[in-house]
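Here's a quick briefing to read with the model open beside you. Scroll through the chain first, then dip into the topics below.

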Amino acid sequence: MRRAITPESCPAPVKAQSEAIETEHFIFFSGQMPTDYAAGLAPETVVPGEVSLCGPPAMVRQTRYMLQRMEKVLESAGAGFEDLVRIEQFIIGRDQAPWYSSARQSVMTKGHPTSTRVCAKDLEVPGALIACDGFALNPRSPWTKETHNLDIVPGALTGYPAAQSAGPFILMPGMIATDYETGIHPDARVDPIFWHQSAIKRQTEYIINTKEKILGELGMSLKDIVQVSVYLSHMEDLPAFDYVWESYFPDDPPARVIIPCDELAILGSRIEISSISLRPDGGLKRQTIMSDSVPKPLFHEPHGVKTGPYLWLSTQMAADEGGLAKEARVNPSLPWYGSPVKSQTRYLLKNVDAICQAAGGSLADVVRSQTVFLDMADLFGAFEVWEESFPGGAPVNLSAEVSGPMPVPGCRILASLTAYIPD
């Protein structure tokens, strides 16, 4: 079952995206922002210039509006905040984080979901400080939601749990190597006196070891992880991170998306990792997906991992072993006769289609997407291609601009995608 949801009470997005998509088990929804898609920022969120020091901070106004919009989207699918199992947030600037947290906690009081929050450089709407997407457990699903608050790991300051179950899936929030008391956890710190220590190595090891503890408490292990999203604030750490990652997942690694971000929540943090695991006895088959029609992954990850009807794809860029794929390049001698982002988006989506076909489906089965740009001016061109490529209805989407660099030089767009391909 797949159903696109169009809430009548919310202004329609301008670009090619579904506001929400319902499957048998989940409700995926697009990035919600404080906009009416007409005036830019919704009038209710704008701080009047004449009395700019009166009323709540801009982030509080924007968060309230955004969450009200999110609630309407969920209600149109027959769900509510209590059904959320994952939210992912891009905010503009660490100084906005306290106001977002307090405003969110005053509105989203039912069953705080697993959460990831990182800083971006810009969002789709000028002046927007926050964008949030995610997915909820479908109330009509036979699956149930369970929250796992475990004392074996430091508790998050903003209230999200160590893990949540959604049927056979175990979702963990974005984890940073912190003790939530002194900053970076002592086990992950680097002593500058000694040259044999590496910050990215120690932080990565701490996060993975913490996930292993949590999974162990739930009767599982690292080999049960099927999807991860990795946020790096210093892209030069990628080779070292990938080296450490392979030592933990030498064979059959999970699907993995590597996303550059501008800042993380704890000073000194260089990496944040969220994850989805599958219970071995959960009734869903796990299958590693590799397509012969797509270039071999540049990093230690498969093209995707399929768990029952859900296909989790790894990092998607217009790249191969030669860097930026030749097919995605614009002729440098005729630079005005092509669009770099359009060429890259077409190439990227062609590969996604091939990976979906290897899993028994097609590009049309993609239900969730996140797209990251180095220049938000590329958004329009990329989603012109998006609209052409999804004539039957586009997936949900959240887009953000980051300072970069991308994992492969020359790439202007990076995508994280999930497809729903029933057997």
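How many positive and how many negative side chains does the protein have, and how far apart do the centres of the two sets lie? There are 35 positive and 50 negative ones, with the two centres 0 Å apart. For that tally, Lys and Arg are positive and Asp and Glu negative, while His and the chain ends are not counted; each charge is placed at NZ of Lys, CZ of Arg, CG of Asp or CD of Glu.

Some ground rules before you dig in. This is a predicted model, where local features need pLDDT of at least 70 and side-chain atom pairs count only at pLDDT 80 or more, while totals for chains, interfaces and linings use all residues. Residues are numbered from 1 along each chain as its sequence is written, and side-chain values use heavy atoms, with hydrogens and water left out.

**Overall build**

- The protein has six helices and 21 strands; these are DSSP runs numbered from the N terminus, with helices being H or I of at least four residues and strands E of at least two.
- Its radius of gyration is 21 Å, which agrees with the value near 22 Å for a compact globule of 423 residues. That radius is taken over C-alpha atoms, and the globule rule is 2.2 Å times the number of residues to the power 0.38.
- Along the principal axes, the C-alpha atoms fill a box of roughly 55 × 55 × 50 Å.
- Of the 423 residues, 59% count as buried (buried is under 20% relative accessible area, exposed is over 50%, and partly exposed is in between, using a 1.4 Å probe and protein chains only).
- About 17,300 Å² is exposed, and carbon and sulfur atoms supply 52% of it; the areas come from the Shrake-Rupley method with a 1.4 Å probe, and for residues only the protein chains shown count as cover.
- Take contacts between residues at least 6 apart in sequence: 75% of them join residues at least 24 apart (contact means heavy atoms within 4.5 Å).

**The cores**

- The largest nonpolar core has 89 residues, and Met70, Leu84 and Phe241 touch the most other members. A nonpolar core here is a set of buried Ala, Val, Leu, Ile, Met, Phe, Trp, Tyr and Cys residues joined through side-chain atoms within 4.5 Å.
- Apart from that one lies another core of 29 residues, including Val294, Ile355, Ile413 and Ala415.
- Beyond its neighbours within four places in sequence, Phe241 is in contact with Ile200, Thr204, Val230, Arg256, Ile258, Ile271 and Ile273.

**Helix α2 and Tyr100**

- In α2 (residues 97-107), the buried residues are Ala97, Tyr100, Ser101, Ala103 and Arg104.
- An α-helix has 3.6 residues a turn, so residues three or four places apart point the same way.
- Among the elements covering the buried residues of α2 are α1 (58-76), β4 (84-91), β5 (114-119) and β7 (130-137).
- Tyr100 counts as buried because its relative accessible area is 0%. Setting aside residues within four places in sequence, Tyr100 is in contact with Met59, Thr63, Met66, Gln89, Arg117, Ile130 and Cys132.

**Ser416 and Ser314**

- Ser416 sits in strand β21 (residues 413-420) and is buried, at 11% relative accessibility.
- Ser416 and Val257 are 159 residues apart along the chain, yet their C-alpha atoms are separated by 6.2 Å. Outside its neighbours within four places in sequence, Ser416 is in contact with Val257, Arg368, Ser369 and Gln370.
- Ser314 is in the loop between β16 and β17 (319-320), and at 2% relative accessible area Ser314 is buried.
- Not counting residues up to four places away in sequence, Ser314 touches Ala255, Arg256, Val257, Glu301, Pro302, His303, Gly304 and Ala415.

**Loops and backbone oddities**

- Pro309, in the loop between β15 (304-307) and β16 (310-313), counts as buried at 11% relative accessibility.
- Residues up to four places away in sequence aside, Pro309 touches His25, Leu284, Ala419, Tyr420, Ile421 and Pro422.
- Gly404 and Pro405 are joined by a cis peptide bond, with omega about 5°; Pro405 is in the loop between β20 (396-401) and β21.
- Tyr37 has a positive phi, near 55°, though it is not glycine; Tyr37 is in the loop between β3 (26-32) and α1.
- Asp252 also has a positive phi, near 50°. Asp252 lies in the loop between α4 (238-248) and β12 (255-260), and is partly exposed at 45% relative accessible area.
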